[in-house]
Amino acid sequence: MKVTVERTAKRIVRIKVSGGQVFVTAHKSLSLAEIKEIVESRREWINAAAGVAADSLPEKEERSGASAAGMADMFCGRKCLICGETLEVKSTTGSKGYVDGGTVYLPQAQCDKNQRLQALRALIKRLSKQHVSVDVAHFGSKISCCPTRIEFKSLGASWVRCSNPREKAVVLDYRICQLPEKLQQYLIAHAFVHFRCDGHERDFWQEMSKFFPDYDAMERELGRYAFLKEI
């Protein structure tokens with residue numbers, strides 16, 4: 001498929017598939033080789049979005065915590081990514097979804113694809129509220145900064161909403177619990193650094209480097225999980 005690259009000043013990597021073409025919006029500092037690597041790492045999602053059959057994808061290739069077949073199954077609600085790990089989705093006689101070991105259980109009534117995906121979104125948001133909120137509080141305690149509120153929302157292409165330094169609100173995308181734990185911690189630090197630095201100027205990234213010296217690598221890694229926003 002043809003790949004079209006658009007440059008931006010924002011530190012993002014966004015991939016969209018439309019009309020049999022791949023459109024990439026990437027930060028101007030990324031080289032074409034780095035962009036190619038990111039596009040290749042998301043090949044399974046690109047194929048799924050373009051309508052390529054799952055059984056035509058390589059079975060053993062692993063990318064960003066999801067196999068090729070597993071990527072297609074995520075778009076059908078048969079598998080789910082939690083903390084960077086791909087878990088099977090099975091039914092339970094209970095009335096509430098939950099995670100047990102390497103399996104996500106949903107009520108038996110959620111048999112339709114759209115119902116499964118809706119139930120998974122609700123479960124993912126609940127998991128983020130339960131577990132990521134604890135990490136947010138722990139990070140705030142470590143740097144002696146208490147946020148006024150913690151919220152989990154659908155933030156479109158972003159993973160964290162920039163808060164006014166005076167407001168001190170931590171607003172994260174509710175899908176954050178699906179990311180590997182290191183990326184979760186990175187986004188939490190990102191939110192807190194905005195309490196000190198408004199916007200994404202040089203002073204912001206200098207402050208971020210105190211917590212994550214490899215913040216550029218973290219930003220690139222986040223780009224590999226952008227497909228979660230499309231499910």
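The aromatic contacts and the pockets of the structure are described here, on the basis of a predicted model.

Eight aromatic pairs are present in the structure. One of them joins Tyr98 and Tyr105, whose rings are stacked, with a centre-to-centre distance of 5.1 Å and an angle of 20 degrees between the planes. Within this pair, Tyr98 has a relative accessibility of 35% and therefore counts as partly exposed, the limits of that class being 20% and 50%. A pair with another geometry is formed by Tyr186 and Phe212, which counts as edge-to-face because the ring planes stand at 85 degrees, the centres being 5.3 Å apart; the cut-off for this class is an angle over 60 degrees. The contact between Tyr186 and Phe212 links distant parts of the chain, since Tyr186 belongs to helix H5 (residues 181-193), whereas Phe212 lies in the loop between helix H6 (202-211) and helix H7 (215-223), 26 residues apart. Tyr186 and Phe212 are both buried.

Aromatic contacts also extend beyond isolated pairs, in that Phe139, Phe192, Phe195 and Phe211 are joined into a cluster by ring pairs. A contact between a charge and a ring is found at Trp159, where the charged end of Lys229 sits over the ring at 4.4 Å from its centre.

Turning to the pockets, the largest has a volume of about 850 Å³ and a lining of 37 residues, among which Lys10, Arg11, Ile12, Val13 and Glu219 lie nearest the centre of the pocket. At least two lining residues are supplied by each of strand E2 (13-18), strand E11 (160-161), H5, H6 and H7, and the greatest contribution to this lining is that of H7, with five residues. In terms of residue class, the lining of the largest pocket comprises 15 charged, 14 nonpolar and eight polar residues.

The second largest pocket encloses about 170 Å³ of space. The residues that line this pocket are Ile82, Cys83, Val99, Leu127, His131, Val132, Asp135, Cys177, Glu181, Gln184 and Gln185. Two or more of these residues come from each of helix H4 (113-142) and H5, and H4 gives the most to the lining of the second largest pocket, with four residues. Classified by side chain, this lining contains six nonpolar, three polar and two charged residues. Helix H5 thus recurs in the description, as an element that supplies at least two residues to the lining of the largest pocket, as one that gives two or more to the lining of the second largest pocket, and as the helix that carries Tyr186.

Conventions. Residues are numbered from 1 along each chain as its sequence is written. This is a predicted model: local features need pLDDT of at least 70, side-chain atom pairs count only at pLDDT 80 or more; totals for chains, interfaces and linings use all residues. Side-chain values use heavy atoms; hydrogens and water are left out. Rings of Phe, Tyr and Trp (its six-membered ring) pair if their centres lie within 6.5 Å; planes under 30 degrees apart count as stacked, over 60 as edge-to-face and the rest as tilted. Buried means under 20% relative accessible area, exposed over 50%, partly exposed in between (1.4 Å probe, protein chains only). A charge sits over a ring if NZ of Lys or CZ of Arg is within 6 Å of the ring centre and within 35 degrees of the ring normal. On a 1 Å grid over the protein atoms alone, a cavity is a set of points where a 1.4 Å probe fits but cannot get out, and a pocket is an open set with protein on both sides within 12 Å along at least five of seven lines; lining residues have an atom within 4 Å of a point. Grid points are joined across faces, edges and corners, and a volume is the space filled by probe spheres set on the points. Ala, Val, Leu, Ile, Met, Phe, Trp, Tyr, Cys and Pro count as nonpolar, Asp, Glu, Lys and Arg as charged, and the others, Gly among them, as polar.
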